[in-house]
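Reader: Could you take me through the pockets, the cavities and the packing in this one? I'll ask as we go.

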Amino acid sequence: MDLNHIKTSDFDYNLPEELIAQTPLSDRKTSRMMVVHMNNDVNEHKHFYDILDYFHKGDVLVRNNTRVIPARLYGTKEITGAHVEVLLLRQMEDDVWECLVGNAKTVKVGTVVSFHDGRLKAECLEIGEKGLRKFRMIYNGIFNEILDQLGEVPLPPYIHEKLNDPERYQTVYSKVEGSAAAPTAGLHFTPEIFTKLEEKGVTIVDVTLHVGLGTFRPMDTEDVKDHDMHAEVCQMSKEAADILNQAKTEGRRIFAIGTTSVRTLESVWNAYGRFEPCTLETKLFIYPGYTYHTINGMLTNFHLPKSTLLMMITALAGYDRIMAAYQEAVQERYRFFSFGDCMLLTDE
């Protein structure tokens, strides 16, 4: 691959529609797992519960403890009654949210959208590009409680089946509310798997990145370098920073659960040259040619063609290796995307 001329189309692959997982498995840990060894060309076909075999005493495993909010709202314009769909992306200040709006051309500055007979209203303050709007939320009471009552958990558009249990689109360790989508690599874990990892001497570290448009927006540029990543907010505590810095100093391995954990680790490192307690806004875009500073491997799901997430893992494990692994996953009938199977990238 010519790193000076990377094209979005380079990351396309053929995926039969029937391989897109529509529902989660009844038992989280029974997903299939392709193990990609980054130091050779050997791939193994395992199940997720085999992940215990790939971790050792002293390893650090980083997870994103964000929790998906019921961020999708359906309302009507107060003046015309036209239907408007609003997806909350991130909280800018107290009652001001950046949102993605369906039928956005009809929503101008000053437009008021009413949800559920006015229990919640949103006034448009600012128009952004590609359907983005800034809204001031108008309500009486506690916003999160109102959102729980009126909003829906926003499943990705490629999932057409109804999700009977909304908790299956949350990780078992989700804690900090704020995401518009789940960090789906974490959906495979159970509390028992974490207990067994800790019994092996693996340290579990929580960071937070609220998943927004930066993670799931499709690319619309052919030249990868022309893509503008949308900002997402991430956080690292002092406890997490101390554990991670000590692991780096001692040469111990750091693994990340999912691309959002990776993005948090690399964003903090790029900002400070080490791990520091912080809250920061990141627009980090990782694609081939990027030099990783923080991880020895990661667990990740199978990503959409031509996506920034696919680019991120090729930057870690190599373009040819990952594209060949994806072709192998299709041949082996792995389940793809949010409710699908997973891939462990390891340095062993």
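Author: What follows goes from the open pockets to the enclosed cavities, and then to a strand, the nonpolar cores and two single residues; please keep in mind that this is a predicted model.

Reader: Fine, pockets then. What volume does the largest pocket have?

Author: The largest pocket has a volume of about 880 Å³. It is lined by 42 residues, and those closest to its centre are P156, Y158, T215, F216 and R217.

Reader: And which elements give two or more residues to that lining?

Author: Those elements are the strands β6 (83-93), β7 (96-101) and β16, together with the helices α3, α5 and α6. By class, the lining of the largest pocket is made up of 25 nonpolar, twelve polar and five charged residues.

Reader: R217 caught my eye there. Where is R217 found, and is it buried or exposed?

Author: R217 is found in the loop between α3 and β13. Its relative accessible area is 16%, and because buried means under 20%, R217 counts as buried.

Reader: What is R217 in contact with, leaving aside its neighbours in sequence?

Author: Beyond the residues within four places in sequence, R217 is in contact with E129, K130 and L132. There is also a long-range relation to S307, which is 90 residues apart from R217 along the chain, while the C-alpha atoms of the two are separated by 8.3 Å.

Reader: OK, on to the second largest pocket. How much space lies in it, and which residues lie nearest its centre?

Author: About 360 Å³ of space lies in the second largest pocket. It is lined by 22 residues, of which Q91, W97, E177, G178 and H210 lie nearest the centre.

Reader: Which element gives the most to that lining?

Author: That is β6, which gives five residues to the lining of the second largest pocket. At least two residues each come from β6, α1 (143-150), β11 (176-179) and β13 (232-236). The residues of this lining divide into nine nonpolar, seven polar and six charged.

Reader: Since β13 is in that list, which residues make up its covered face?

Author: The covered face of β13 holds E232, C234 and M236, whereas V233 and Q235 are on the uncovered one. In a regular strand the side chains alternate between the two faces of the sheet.

Reader: How many bridges join β13 to β12, and how many to β15?

Author: Two bridges join β13 to β12 (residues 203-209), and these strands run antiparallel; C234 is the bridge partner of L209 in that pair. Five bridges join β13 to β15 (residues 278-282), again antiparallel, and here E232 stands opposite T282.

Reader: Switching to enclosed space: how many cavities of 30 Å³ or more does a search of the whole structure find?

Author: The search finds two cavities of that size. About 80 Å³ of space lies in the largest cavity, and its lining includes P24, L25, D27, R28, R168, H188 and F339. By class, that lining has four nonpolar, four polar and four charged residues.

Reader: And what about the second largest cavity, which helices supply at least two residues of its lining?

Author: Those are α3 (213-216), α5 (259-272) and α6 (308-317). The second largest cavity has a volume of about 60 Å³, and among the residues that line it are T215, M229, T259, R263, L309 and M312. The lining divides into six nonpolar, five polar and one charged.

Reader: α6 keeps coming up. What about H303, where is its place, and is it buried or exposed?

Author: H303 has its place in the loop between β16 (297-301) and α6. With 8% relative accessibility, H303 counts as buried. Leaving aside its neighbours within four places in sequence, H303 is in contact with Y13, T259, L309, L310, I313, Y326 and F337.

Reader: Last topic, the largest nonpolar core. Which of its residues touch the most other members?

Author: Of the 71 residues in the largest nonpolar core, those are F336, M343 and L345. The largest share of this core, seven residues, comes from α6. A second, separate core of 27 residues includes L73, L120, F143 and L213.

Reader: What does L345 touch, not counting residues up to four places away in sequence?

Author: L345 touches V36, M38, F255, G297, M298, I313, L316, A317 and I322. In soluble globular proteins, nonpolar side chains tend to be buried together.

Methods: Residues are numbered from 1 along each chain as its sequence is written. This is a predicted model: local features need pLDDT of at least 70, side-chain atom pairs count only at pLDDT 80 or more; totals for chains, interfaces and linings use all residues. Side-chain values use heavy atoms; hydrogens and water are left out. On a 1 Å grid over the protein atoms alone, a cavity is a set of points where a 1.4 Å probe fits but cannot get out, and a pocket is an open set with protein on both sides within 12 Å along at least five of seven lines; lining residues have an atom within 4 Å of a point. Grid points are joined across faces, edges and corners, and a volume is the space filled by probe spheres set on the points. Ala, Val, Leu, Ile, Met, Phe, Trp, Tyr, Cys and Pro count as nonpolar, Asp, Glu, Lys and Arg as charged, and the others, Gly among them, as polar. Helices (H or I, at least four residues) and strands (E, at least two) are DSSP runs, numbered from the N terminus. Buried means under 20% relative accessible area, exposed over 50%, partly exposed in between (1.4 Å probe, protein chains only). Contact means heavy atoms within 4.5 Å. Two strands pair if DSSP finds at least two bridges between them. A nonpolar core is a set of buried Ala, Val, Leu, Ile, Met, Phe, Trp, Tyr and Cys residues joined through side-chain atoms within 4.5 Å.
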